[in-house]
Amino acid sequence: MTTPQDLDDRFRESLAALPEPGHRADPTQPMAEGAALTGAQLLDLFDAQVTSRQLDLAGCWLRSFGEGYYTIGSAGHEGNAALAAALRPTDPALLHYRSGAFYCVRAAQAAGLRFGAEEQPSGATASPDGEPAVSVPPITPAPAAAALPTVPAPASAPAPATETVPGRDDRTDGDDHPGADDQAEGESEPGPADQAGIGVRMASVRRPVAPAYAEAARDVLRGMVASAQEPIAGGRHKVFGRSDLAVVPTTSTVAAHLPRAVGMGLAVERLRRLDARGVPIRPEPAAPAPWAPDAIVVCSFGDASINHASATAAFNTAGWYDHTGLRIPVLFVCEDNGLGDSVRSPQGWVATALRSKPGIRYFAADGADLVEAYRSAAEAVAWVRRHRRPAVLHLSTVRLMGHAGADAESAYRSAEEITADLAADPVVATARRLVEAGLAGGAELLDRYDEIGWQIRRIAEQVLDEPKLTSPAEVVAPLAPRRPARVARAVADAGIRAAGAGAAARAEAFGGKPPELAGPLTLAQSINAALTDGLLDQPQMAVFGCDVAAKGGVHGVTKGLRDRFGAARVFDTLRDETSILGLGLGAGLAGMLPVPEIQYLAYLHGGEDQVRGEAASLGFFSQGALRNPMVLRVAGLAYQDGFGGHFHNDNSVAVLRDVPGLVVAVPARPDDAAAMLRTCLASAAVDGSVCVFLEPIALYHTRDLYTDGDGEWLAGYLEPGAWASRHVPVGRARVYGVGSAADVTIVTFGNGVRMSLRAASALADEGIGCRVVDLRWLAPLPVADLIREATATGRVLVVDETRRSGGVGEGVLAALVDAGYVGAARRVAAVDSFVPLGPAARHVLVSEDAITQGARTLLAR
């Protein structure tokens with residue numbers, strides 16, 4: 001395999017073999033006739049490539065003595081520097097893990113470094129649909145480079161005595177080598193061109209890394225050593241991300257971020273159109289800074305990732321919407337090194353697959369030729385920005401040093417193949433292009449490589465002593481912050497607006513008869529009314545999913561919403577859960593308040609990684625700087641009289657309950673449903689929460705509780721002035737007293753609430769008093785309420801309609817034990833089985849008889 005030392009030696013040999021140029025070219029001129037890049041800009045990109053390469057070597061060095069925790073590098077992929085240069089620093093980017101050069105260029109752009117794509121007159125850009133044009137501010141040049149402070153290597157992290165560190169000679173500190181203020185003998189003072197920006201010419205004197213590149217390197221190195229001062233994840237993971245650089249951290253390594261990118265593109269375009277039409281968008285505290293109106297979204301991934309279901313979903317969704325006429329300005333970038341871990345991509349497969357994606361324009365570039373790669377990338381970026389349509393850039397790369405530091409390439413690659421990739425080193429190719437153009441000599445570029453390596457090594461030594469995360473509280477702090485007072489205030493403010501300034505619009509939306517005057521409502525009607533109120537109050541809110549618009553939902557819950565609010569805010573999606581969730585994630589990150597719907601709980605499993613790996617993790621891995629507020633409505637649970645079998649009667653929520661930070665709400669009663677939905681919408685808007693609103697299908701249209709026609713499962717809808725006083729905070733239970741309520745505490749949720757109340761009524765006739773606790777929230781569990789009500793009777797019966805293994809009851813009983821509860825406890829739960837069709841379902845689900853028998857057993861102890 002190619003070791004760091006092999007790669008360094010080969011690079012040195014290659015640059016040493018390059019001659020001195022026969023003439024010196026003007027670096028301010030284009031690299032070739034018609035080329036957008038100047039010589040100075042190519043020198044800047046070379047610096048970014050070398051910085052990225054030296055970061056890879058530094059990562060291996062840190063790992064060699066146990067101080068580095070991440071060795072997947074970017075070696076061979078440094079051509080993505082051209083992609084970054086073709087974009088604007090305000091274009092949101094979701095990057096895969098070989099994006100070191102891209103990240104360095106993006107940091108330099110944000111500091112003011114300019115490339116051809118940005119060298120355009122300020123003012124209006126063309127709008128493809130005749131809408132008002134948007135303004136693009138000019139970008140100023142970057143400041144001149146400044147020297148970094150010299151610090152000795154810490155004694156706590158010595159390199160192994162036998163090690164030769166690539167890119168470093170035997171100097172031990174910065175006192176005996178030329179610095180930014182030292183000049184080699186005979187060197188002239190910098191001319192005007194040198195002072196205009198970074199890297200305008202290459203000189204034999206060693207210069208420090210440009211400040212933006214050095215700080216980008218510091219970010220990456222901090223991630224490698226799990227420093228708590230790392231700017232995006234704070235030591236929780238090594239990712240490419242910084243909110244001020246519009247780089248969204250992605251922790252999924254195989255295409256899971258692509259559906260989010262499509263969602264971001266859809267949201268960016270929607271918000272651009274609303275802004276152009278003067279539609280007011282009230283920013284919420286959790287909303288990120290808005291992207292530029294003409295921004296495009298870029299997402300990068302490896303060639304093997306195109307085979308993943310998430311990538312297929314993203315390509316299909318982008319093409320599907322493009323086919324329908326909806327514009328999605330997203331640029332997919334496939335960095336193709338021909339390998340996925342050890343598995344080869346068949347020759348020609350990637351190009352064939354990418355070319356065949358309907359609705360997606362194909363561009364290709366050689367990542368080893370920065371000038372041509374920049375031309376192709378700039379063309380692709382300009383096409384997406386102008387047409388607001390999706391495209392893919394197929395960027396050829398090579399893989400150097402294996403998949404990661406521990407990868408034994410020799411097990412699956414021949415020596416000839418590895419050598420061929422070394423010969424195609426993109427950084428060497430850039431050096432060769434610079435020499436051929438008369439911009440530098442091989443010795444000068446090698447000198448530059450060493451100086452950057454020395455500076456990277458110094459930064460690596462500095463970050464070694466930075467603090468790490470030291471406690472569980474520190475680790476989980478950004479996971480899911482809860483600000484219940486602000487959420488309650490948001491609910492109250494919404495009520496004030498609905499009763500005041502928004503009263504006329506509300507009356508019109510409800511056809512002159514607001515729901516509080518419509519009489520008692522069912523669960524489905526109450527949710528529909530609460531969604532209507534949410535859409536009225538929050539212009540950035542959108543409701544979408546399969547069948548939610550024209551049909552009004554499979555269960556009628558969203559009936560009439562599209563007619564009231566239009567297809568831009570209530571719309572049908574294609575039938576794919578990964579895509580629906582990805583649209584929600586991207587929309588939330590772009591500043592919208594998405595309320596997607598999954599038709600049945602069992603369908604969620606097809607896209608659950610979008611909730612677990614993408615939605616729930618974003619705040620955690622960005623220290624709260626980026627969040628994706630979302631209220632995911634899921635119709636689920638069982639008791640539909642056996643209708644439809646297990647896909648329509650799924651009674652498992654284990655996949656949701658163990659996702660850190662997720663809010664899981666299960667309303668049983670109509671009045672709770674409206675209040676809890678308002679809470680979820682407010683929590684998403686205020687705290688950026690990811691909420692799952694799990695709606696029991698069997699209770700959607702239920703009207704009666706004890707006897708036919710009693711109407712006791714209906715409930716009135718609160719008028720807006722009462723929303724504040726009847727607010728339901730996240731993690732608070734509801735308690736019903738039946739009879740004396742002194743003998744047994746029944747803890748339940750969802751369908752179990754109605755069954756338990758009926759069972760409690762029967763037990764009351766026997767003189768047994770029950771208190772029924774409706775958990776309402778499965779995550780976080782209402783532990784304080786649970787303990788209080790359990791202690792009140794000393795006997796707890798957990799009625800769990802999910803399965804015995806992995807069900808909610810396990811969590812309830814564990815909470816009781818953890819709190820030191822010493823009374824009696826018992827549970828009734830569904831059998832560990834899928835729910836069968838027809839009457840057979842009754843044999844595996846909890847029944848009222850099982851509840852009454854469980855209570856009697858507790859009392860008999």
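# A guided tour, beginning at strand β11

Begin by selecting strand β11 together with strand β12 (residues 570-572): the two pair in the parallel sense through three bridges. Within β12, F571 is the bridge partner of F544. The model on display is a predicted one.

Keep β11 selected and add strand β13 (residues 593-598). β11 and β13 also run parallel, joined by five bridges. To find one of these contacts, highlight M541, whose bridge partner in β13 is L593. Strands of a sheet pair through backbone hydrogen bonds, in either a parallel or an antiparallel manner.

Now display the side chains of β11. Which residues point one way from β11, and which the other way? M541, V543 and G545 point one way, A542 and F544 point the other way, and all are buried. In a regular strand, side chains alternate between the two faces of the sheet. Because five of the five residues of β11 (residues 541-545) are buried, this strand is largely enclosed by the rest of the structure.

**The whole chain**

Zoom out to the full protein chain, which contains 26 helices and 22 strands. Of its 861 residues, 59% are buried. Among contacts with a separation of 6 or more, 81% are between residues 24 or more positions apart.

**A five-stranded sheet**

Next, select β17, β19, β18, β21 and β22. These five strands form an open sheet of mixed pairing, in the order β17-β19-β18-β21-β22. β17 (734-738) and β22 (824-830) are the edge strands, each pairing on one side only. From one strand to the next, the twist averages 20 degrees.

Inside this sheet, isolate strand β18 (residues 744-748) and strand β19 (residues 770-774), which run parallel and are joined by five bridges. Highlight I746 to locate its bridge partner in β19, V772. Then add helix α25 (residues 808-818), which lies across β18, β21 (795-803) and β22. Relative to β21, helix α25 runs at about 150 degrees.

**Helices α1, α2 and α4**

Move to helix α2 (residues 39-64) and helix α4 (residues 100-110). Two packed helices are described by the angle between their axes and the distance between the axes. Here the angle is about 130 degrees and the axes are 8 Å apart. α2 is therefore oblique to α4. The crossing of α2 past α4 is right-handed. To view the contact, select L45, A48, Q49, T51 and S52 of α2 with G100, A101, C104 and V105 of α4. The residues of this contact comprise five nonpolar, four polar and no charged.

Retain α2 and add helix α1 (residues 4-16). The axes of α1 and α2 come within 10 Å and cross at roughly 150 degrees, so α1 is roughly antiparallel to α2. In this case, α1 passes α2 in a left-handed crossing. The contact is formed by P4, L7, D8 and F11 of α1 and by R53, L57 and C60 of α2. The residues of the contact of α1 with α2 divide into five nonpolar, two charged and no polar.

**A final stop at V239**

Finally, select V239, located in the loop between α6 (211-224) and β4 (247-248). Is V239 buried or exposed? Its relative accessibility is 9%, and V239 therefore counts as buried. Leaving aside residues up to four places away in sequence, V239 touches E230, I232, A233, P249, T250, T251 and F621. Add Y97 to the selection: V239 and Y97 are 142 residues apart along the chain, while their C-alpha atoms are separated by 7.1 Å.

Definitions and conventions. Residues are numbered from 1 along each chain as its sequence is written. This is a predicted model: local features need pLDDT of at least 70, side-chain atom pairs count only at pLDDT 80 or more; totals for chains, interfaces and linings use all residues. Side-chain values use heavy atoms; hydrogens and water are left out. Two strands pair if DSSP finds at least two bridges between them. Helices (H or I, at least four residues) and strands (E, at least two) are DSSP runs, numbered from the N terminus. Axes are lines fitted to C-alpha atoms, for helices over the stretch in contact, and angles run from 0 to 180 degrees between N-to-C directions. Contact means heavy atoms within 4.5 Å. Angles under 35 degrees count as roughly parallel, over 145 as roughly antiparallel, 65 to 115 as roughly perpendicular and the rest as oblique. A crossing is left-handed if the near helix is turned anticlockwise from the far one by less than a right angle, and right-handed if clockwise. Ala, Val, Leu, Ile, Met, Phe, Trp, Tyr, Cys and Pro count as nonpolar, Asp, Glu, Lys and Arg as charged, and the others, Gly among them, as polar. Buried means under 20% relative accessible area, exposed over 50%, partly exposed in between (1.4 Å probe, protein chains only).
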